[in-house]
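This report describes selected features of one protein chain. The sequence and the three-dimensional structure are shown first.

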Amino acid sequence: HRQSGLGKSTLVNTLFKSQVSRKSSGWNREEKIPKTVEIKAIGHVIEEGGVKMKLTVIDTPGFGDQINNENCWEPIEKYINEQYEKFLKEEVNIARKKHIPDTRVHCCLYFISPTGHSLRPLDLEFMKHLSKVVNIIPVIAKADTMTLEEKIEFKQRVRKELEVNGIEFYPQKEFDEDLEDKMENDKIRQESMPFAVVGSDKEYQVNEKRVLGRKTPWGIIEVENVTHCEFALLRDFVIRTHLQDLKEVTHNIHYETYRAKRLNDNGGLPPVSNDTEETHESNL
């Protein structure tokens, strides 16, 4: 999420080493991005360590681009809750499927402009509302536009503003299950968050190796070099070390919160679904 021009599509394509965002759905770069919030879910199969996973990327072109952005997160929050409702209807079905199709959103990458100053009111309002229903991972986009000192200072300022405004981002402190989890996640929260990243779909020759990067007047920014940016840390965090935990927190915390409120408010169970399709999904 966040306004157009922050390289969201490029970063996501780099993250999963596939064209999983707008381009894969037939959306050309030249095509005008809508100025209203639209939800575009694009499915793709990726392979990591010999294991295939069905990934769904939910894009929100137009978010934050309007003159009046009041409550512009509502379509996104509505979409997330609709996926919980779908799962709930399948779960309470008497003849429910062995594997319930899971379209729930397990992770939200929130892209922050590399202003070097502070978070914008829209950033704070979005994360304040959506952190209650989805795992939010804040990301500083196009981090190569900042010096090392600016990047460190901006990351510290963002963390402070999130704390002052009571915004919990993933991994949430209260969900650390043991001391080892707490120590690992404390380091991530205090040093890595928000991840300052650079995305690219172009390769360059560096020291006799082909690397993904961005060419600048002063050299090549190597996307997967941790001394240049934190892309590799974000990739490992989302796809490897915390993938299962993201899904578990979604199911055990966010979905359960929705489920309890839904059933309590309505005093009963939602309508039974007759859908018989079976799939496995992870959604971002």
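## Surroundings of Phe-195

Leaving aside residues up to four places away in sequence, Phe-195 touches Ile-137, Pro-138, Val-139, Ile-140, Lys-155, Ile-188, Glu-230, Leu-233, Leu-234 and Phe-237. The model from which these contacts are computed is a predicted one. Phe-195 belongs to strand β5, which covers residues 195-196. With a relative accessible area of 2%, Phe-195 is buried, because the limit for that class is under 20%.

One of the residues touched by Phe-195 is Ile-137. These two residues lie 58 residues apart along the chain, yet their C-alpha atoms are separated by 8.3 Å.

## The β7-β8 hairpin

Strand β7 (residues 209-216) pairs with strand β8 (residues 219-222) in the antiparallel sense, and four bridges connect them. A hairpin of two residues joins β7 to β8. Within this pairing, Gly-213 has Glu-222 of β8 as its bridge partner.

## Helix α7

Helix α7 consists of 24 residues, from 243 to 266. The distance from its first C-alpha to its last is 33 Å, close to the 34 Å expected at 1.5 Å a residue. A bend of about 35° is nevertheless found in α7 at Tyr-255.

Tyr-255 is also among the buried residues of α7. The others in this set are Leu-246, Val-249, Thr-250, His-254, Tyr-258, Arg-262 and Leu-263. The packing partners of the buried residues of α7 are the helices α2 (74-91) and α6 (231-241). Among the residues that Phe-195 touches are Leu-233, Leu-234 and Phe-237, and the range of α6 is 231-241.

## Cysteines and disulfides

How many disulfides does the model contain? With a cut-off of 2.5 Å between cysteine sulfur atoms, the count is zero. Cys-107 takes part in no disulfide, and the nearest cysteine sulfur to its own, that of Cys-108, is 7.0 Å away.

Why does Cys-108 form no bond with Cys-107? The closest cysteine sulfur to that of Cys-108 is in Cys-107, and the 7.0 Å between them is too far for a bond, because a disulfide requires the two sulfur atoms to be within 2.5 Å.

Are these cysteines buried or exposed? Cys-107 counts as buried at 3% relative accessibility, and Cys-108 is likewise buried, with a relative accessible area of 6%. Both assignments follow from the limit of under 20% relative accessible area.

Methods:
Residues are numbered from 1 along each chain as its sequence is written. This is a predicted model: local features need pLDDT of at least 70, side-chain atom pairs count only at pLDDT 80 or more; totals for chains, interfaces and linings use all residues. Side-chain values use heavy atoms; hydrogens and water are left out. Buried means under 20% relative accessible area, exposed over 50%, partly exposed in between (1.4 Å probe, protein chains only). Contact means heavy atoms within 4.5 Å. Two strands pair if DSSP finds at least two bridges between them. The expected span of a helix is 1.5 Å times one less than its number of residues. The bend at a residue is the angle between axes fitted to the seven residues ending there and the seven starting there.
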